[in-house]
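Biologist: I've got this one open on my screen and I'd like to talk it through. Can you walk me through how it's put together?

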Amino acid sequence: MNYTLPIFICLFINSIFAQLPNGFVYVENIIPDLEVELRYFTSNNFVGEPIEGYHANKLILTRESAEALKLVHEALQEQNLCLKVYDGYRPQRAVNHFINWAKDLNDTINKTVFYPNVKKRNLFKEEYIASRSGHSRGSTLDLTIIDANTGVILDMGSVYDFFGEESWVNYDNLTDQQKKNRQLLQFYMSKYGFRNYPKEWWHFTLRGEPFPNTYFDFPVN
């Protein structure tokens, strides 16, 4: 009897219903109406191509982070605003992809958009890229605010993932409205348990994250 087909089907089914590691969730199960645009699943990022380990536009976080994020989202909805998330859990293999890309000094396809004033060879030195990322611990995410009716992104004064002082939270050369928008994001994320990375207005990590010393590498499926 030929058992090849049944075995193949079983493996396929198992891959579809593969479980996340204990403590992780698909955020859509916690916040069904959350806007998610994982930039590293696309070519719209500083590398200019989809990143290793991102196989679906599925936001994954630790359960604690997802539940805290839900509180932020609901608070903003009371002001007719919503969150839009660009990245959450990030596999270590994706970080390795960034490292390998950074070593190729001739690959600068998206330099004018994301790092026009930084030399690629200085991305490590200036700490825009590192060998480990808090995202791989599962409780860090990148996000912004959008208008709930139109979906238009609030003007934060720089594009997401811009390498430069313009992305620093306290960068002064902003309009009053841009400063107000950044402060709004900072206020609600802080209120519900997240701390910000001062050089990236979009970057937040849950205080008391459950896996502070563990860097995961399972893919985003």
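Modeller: Sure, and one term up front: buried means under 20% relative accessible area, exposed over 50%, and partly exposed in between. Keep in mind too that this is a predicted model.

Biologist: Good. Is glutamate 209 buried or exposed?

Modeller: The cut-off for buried is under 20% relative accessible area. Glutamate 209 has a relative accessible area of 9%, so this residue is buried.

Biologist: Which residue forms a salt bridge with glutamate 209, with the closest N and O atoms 3.0 Å apart?

Modeller: Look in the loop between α4 (111-114) and β5, while glutamate 209 itself sits in the segment after β7; the pair therefore ties together parts that are 72 residues apart in sequence. The partner counts as buried as well, at 11% relative accessibility. With 3.0 Å between the closest N and O atoms, the residue you want is arginine 137.

Biologist: And where does the partner at 3.7 Å lie?

Modeller: That second salt bridge of glutamate 209 goes to arginine 195. Arginine 195 counts as partly exposed, at 38% relative accessibility. The two are 14 residues apart in sequence, with glutamate 209 in the segment after β7 and arginine 195 in strand β6.

Biologist: Let's do the sheet. In what order do the five strands come?

Modeller: The sheet is open and its pairing is mixed. The edges are β2 (35-36) and β6 (194-196), each of which pairs on one side only. Going across, the order is β2-β4-β5-β7-β6.

Biologist: Which residue in β7 is the bridge partner of phenylalanine 194?

Modeller: β6 and β7 (residues 203-206) run antiparallel and are joined by three bridges. In β7, the partner of phenylalanine 194 is leucine 206.

Biologist: What angle does the direction of α5 make with that of β5?

Modeller: Helix α5 (residues 176-191) packs on the sheet, touching β4, β5, β6 and β7. Its direction makes an angle with that of β5 of about 130°.

Biologist: What do the buried residues of α5 pack against?

Modeller: Those buried residues include Leu184, Leu185, Tyr188 and Met189. An α-helix has 3.6 residues a turn, so residues three or four places apart point the same way. The buried residues of α5 pack against α2, β4, β5, β6 and β7.

Biologist: How far apart are the end C-alpha atoms of α5?

Modeller: At 1.5 Å a residue, its 16 residues should span 22 Å. The model agrees, with the end C-alpha atoms 22 Å apart.

Biologist: Back to charges. How many residues apart are lysine 58 and glutamate 28?

Modeller: They form a salt bridge, with the closest N and O atoms 2.8 Å apart. Lysine 58 is partly exposed at 30% relative accessible area, and glutamate 28 counts as partly exposed at 40%. Lysine 58 is in the loop between β2 and β3 (60-62), glutamate 28 in the loop between β1 (24-26) and β2, and the distance along the chain is 30 residues.

Biologist: Last one: which residues are linked in a network of salt bridges?

Modeller: The count of salt bridges comes to ten. The network links Glu37, Arg39 and Lys84.

Methods: Residues numbered from 1 in each chain as written. Predicted model: local features only at pLDDT ≥ 70, side-chain atom pairs only at ≥ 80, totals over all residues. Heavy atoms only, no water. Pairing = 2+ DSSP bridges. Helix = DSSP H or I, 4+ residues; strand = E, 2+ residues; numbered from the N terminus. Contact = heavy atoms within 4.5 Å. Axes fitted to C-alpha atoms, helices over the stretch in contact; angles between N-to-C directions. Salt bridge = Lys/Arg side-chain N within 4 Å of Asp/Glu carboxyl O. Buried < 20%, exposed > 50% of the residue type's maximum accessible area, 1.4 Å probe, protein only. Expected span 1.5 Å × (residues − 1).
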